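Biologist: I should be grateful for a close look at a single part of the structure below. Please explain each term as it arises.

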Protein chains: 2
Amino acid sequence: MLGNLGPAIQRSVIQQLKNRPKLIVMDTMNFWMETAWDDLLDTLKLIDVLVINDSEARQLSGEYSIVKGAKKIIQMGPKCVVIKKGEHGAMLFSQDNIFSAPALPIDEVFDPTGAGDTFAGGFIGHLARTGDLSFENMKTAVIVGSSLASFCVEKFGLERMKTVTQDEIKNRMLQFFKLANFETYA
Amino acid sequence: MLGNLGPAIQRSVIQQLKNRPKLIVMDTMNFWMETAWDDLLDTLKLIDVLVINDSEARQLSGEYSIVKGAKKIIQMGPKCVVIKKGEHGAMLFSQDNIFSAPALPIDEVFDPTGAGDTFAGGFIGHLARTGDLSFENMKTAVIVGSSLASFCVEKFGLERMKTVTQDEIKNRMLQFFKLANFETYA
């Protein structure tokens, strides 16, 4: 998991690895698009999953449509892209598949600090724990990330993350499940 | 299904029914909030499900948060409220449950005319056909409405609705299913 640092540093981290991991996830932001464009494009070629928010996806792809933007970003290197849309949830795109995850409907966000990093940590944490890199399991990973991020915003900074339990996380996963899953018709 | 007419006319339609239907769904819009507020509040007390868009939900409830707004609207009379969020999908609220439906990720909308009415028709059509008014089945009804609306926007006006087949609708339902459903973790 390449945290949001300069893309040249991210690339250097990849190049220092003796064995390439099965999955490299990268976070980035508008700042690097404005100050380190060429390095960013170079590093994107080396990674598997890019995690960004909707405005960053628009800036990176030059497309207003998230769907068109995701297609363009996949052409830049990553096999998958996760686009976080705040209160509108998150979307996961691969070449052939799309997953749309809802946001937990909450009345108020207490403090969004750290929500993006918590999401990314939950996402790669689930994939690392299960070792299953299928699109189906990446869907679940997006929900794990969303669940953890939904705890993060409940208190200041990472305060809530220090006390959250496995049971609470499982319950929140179930909440997401009820929120999003439906039966198709016969 | 009370189409989007003046709320006094909608109320008069309800009052002319000898037997109250099991489910009354109502559409309305900002115009009636501005010109017929008292009638609107009166009629809301007589119906079961209100279908509106996100900006109308904000206007009706006076709440910016969709979640808070939906809670307030349910206090005004309807047992359920469906809030359409365009490219961000739709949400269904009851007193105790929430469902978040995605929008179909499409590159471009050709013409949105009629999408809202098509959504409402698909929603109540599914409920009428199945006779099942549970929250679980209302979730499916929201997806039926979303599927039909996704065809509607593909061509001008209702042109596409004249040619759409049951097989096409079933396939699109499956697309929504793959888009939204995920497995929770063990």
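Modeller: What follows concerns the place where chain A and chain B touch. This is a predicted model, in which local features need pLDDT of at least 70 and side-chain atom pairs count only at pLDDT 80 or more, while totals for chains, interfaces and linings use all residues. Residues are numbered from 1 along each chain as its sequence is written, and chains are lettered from A and ligands numbered from 1 in the order in which they are written.

On chain A, 27 residues are in contact with 27 residues of chain B; contact here requires that the C-beta atoms of two residues, placed from the backbone, lie within 7 Å. On the side of chain A, two or more residues each come from α5 (66–75), β5 (98–101), α7 (135–152) and α8 (166–180). Such elements are DSSP runs numbered from the N terminus: helices (H or I, at least four residues) and strands (E, at least two).

By class, this side of chain A holds 15 nonpolar, 7 polar and 5 charged residues. Ala, Val, Leu, Ile, Met, Phe, Trp, Tyr, Cys and Pro count as nonpolar, Asp, Glu, Lys and Arg as charged, and the others, Gly among them, as polar.

Chain A can be superposed on chain B by a rotation of 180° with 0.0 Å of shift along the axis, at an RMSD of 0.0 Å; the fit is by least squares on the C-alpha atoms of residues with pLDDT of at least 70 in both copies. The two copies are therefore related as by a two-fold rotation axis. Within chain A, Asn181(A) has the C-alpha nearest this axis, 2.4 Å from it. Both copies use the same surface, as 100% of the contact residues of chain A recur in chain B.
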